[in-house]
Amino acid sequence: MAKDVIIACDFPSREQTLDFLDRFSGQKPFVKIGMELFYGAGPQIVREIKERGHRIFLDLKLHDIPNTVKKAMTVLSALDVDICNLHAAGTRAMMEAALEGLTRPDGTRPLLIAVTQLTSTDQGAMERDLLIEKPLDQVVRHYARTAAAAGLDGVVCSCLEAGQIHEACGESFLTVTPGVRFAGGDVGDQKRVATPERARELGSDYIVVGRPITAAEDPVEAWERCCREFLGK
Ligand code: C5P
């Protein structure tokens with residue numbers, strides 16, 4: 001798939017989400033549906049947005065025993081999403097089972113990407129709470145390599161990690177990167193941010209952008225600016 005901008009539709013309700021998408025008359029941005037909207041509005045919201053012609057990244061971050069994840073992935077695959085994800089911490093066996101569950105009888109499937117260590121986890125928390133004592137960037141690279149070995153298509157990571165992930169796992173291994181802000185824009189709770197242009201230079205394949213678009217006075221204009229800067233056209 002080509003590089004693209006994915007809008008994080010972090011809205012609490014179906015109505016707010018559809019009102020937001022209505023502003024893009026005739027244009028069909030790639031959207032991310034997360035836990036809040038999925039658990040609040042149910043799977044029907046995925047079908048509805050798909051019917052409107054959008055590509056969808058369903059960000060539910062599955063993590064359970066392999067058999068449970070496999071069966072859940074079969075359900076998500078039937079929703080005809082384009083990308084879904086899980087936690088690499090679930091182990092290689094879980095990721096392989098997920099791929100099996102995701103693959104439809106005709107051999108097609110959504111792309112599957114892994115969360116390595118959440119960007120909210122820092123070195124201290126990893127050592128204290130998870131008893132993982134290696135450096136964080138080494139852990140992220142190891143999880144990415146395990147995901148690649150399991151056959152996954154890529155990982156969610158910071159723009160700043162995209163280069164080392166490509167080095168470790170190959171250029172075609174996808175890096176899907178949140179933490180994007182316009183130059184001079186409000187950073188909010190994100191810590192390690194990059195502009196869309198910088199994300200392109202760093203080798204991100206997809207940038208996930210929420211508030212810089214959803215909270216903009218003119219979201220369509222903000223999305224177009226993001227596409228221009230990230231895609232360089
Ligand atoms: O509003 P903002 O641009 O910060 O939104 C970023 C989106 O990416 C949110 O949906 C957030 O949950 C998600 N995300 C993230 N960092 C990660 C994984 C996902 O910001 N490591």
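## The largest pocket

The largest pocket holds about 1200 Å³ of space. It's lined by 41 residues, and the ones closest to its centre are L118, T119, S120, P178 and Q190. Keep in mind that this is a predicted model.

What does the lining look like by class? There are 16 nonpolar, twelve polar and 13 charged residues in it. Several secondary-structure elements chip in with at least two lining residues each: the strands β2 (30-34), β3 (56-62) and β8, plus the helices α2 (35-41) and α7 (136-149).

## Who sits around the ligand

So what fills this space? The ligand does: the space it takes is the largest pocket. Around the ligand you'll find A8, D10, K32, T119, P178, R181, Q190, V208, V209, G210, R211 and P212. T119, P178 and Q190 turn up in this shell, and they are also among the residues closest to the pocket centre.

Sorted by class, the shell comes out as five nonpolar, three polar and four charged residues. Two elements, β8 (206-209) and α10 (211-214), each give at least two residues to the shell. Strand β8 also supplies at least two residues of the pocket lining.

## Contacts to ligand oxygens

Which residues put polar atoms close to ligand oxygens? R181 does it with a polar side-chain atom, 2.8 Å from an oxygen atom of the ligand. R211 also uses its side chain, with an N or O atom 2.7 Å from a ligand oxygen. G210 works through its backbone instead, where a polar atom is 2.8 Å from an oxygen atom of the ligand.

As for cover, the ligand on its own has 470 Å² of accessible area, and the protein covers 82% of that.

Key
Residues are numbered from 1 along each chain as its sequence is written. This is a predicted model: local features need pLDDT of at least 70, side-chain atom pairs count only at pLDDT 80 or more; totals for chains, interfaces and linings use all residues. Side-chain values use heavy atoms; hydrogens and water are left out. A residue is near a molecule or strand if one of its heavy atoms lies within 4 Å of it. A polar contact is a pair of N or O atoms within 3.5 Å; within protein, one must be able to donate a hydrogen and the other to accept it, and residues adjacent in sequence count only if both atoms are side-chain atoms. Accessible areas come from the Shrake-Rupley method with a 1.4 Å probe; for residues, only the protein chains shown count as cover. On a 1 Å grid over the protein atoms alone, a cavity is a set of points where a 1.4 Å probe fits but cannot get out, and a pocket is an open set with protein on both sides within 12 Å along at least five of seven lines; lining residues have an atom within 4 Å of a point. A molecule sits in a cavity or pocket if more than half of its atoms lie within 2 Å of its grid points. Helices (H or I, at least four residues) and strands (E, at least two) are DSSP runs, numbered from the N terminus. Ala, Val, Leu, Ile, Met, Phe, Trp, Tyr, Cys and Pro count as nonpolar, Asp, Glu, Lys and Arg as charged, and the others, Gly among them, as polar. Grid points are joined across faces, edges and corners, and a volume is the space filled by probe spheres set on the points.
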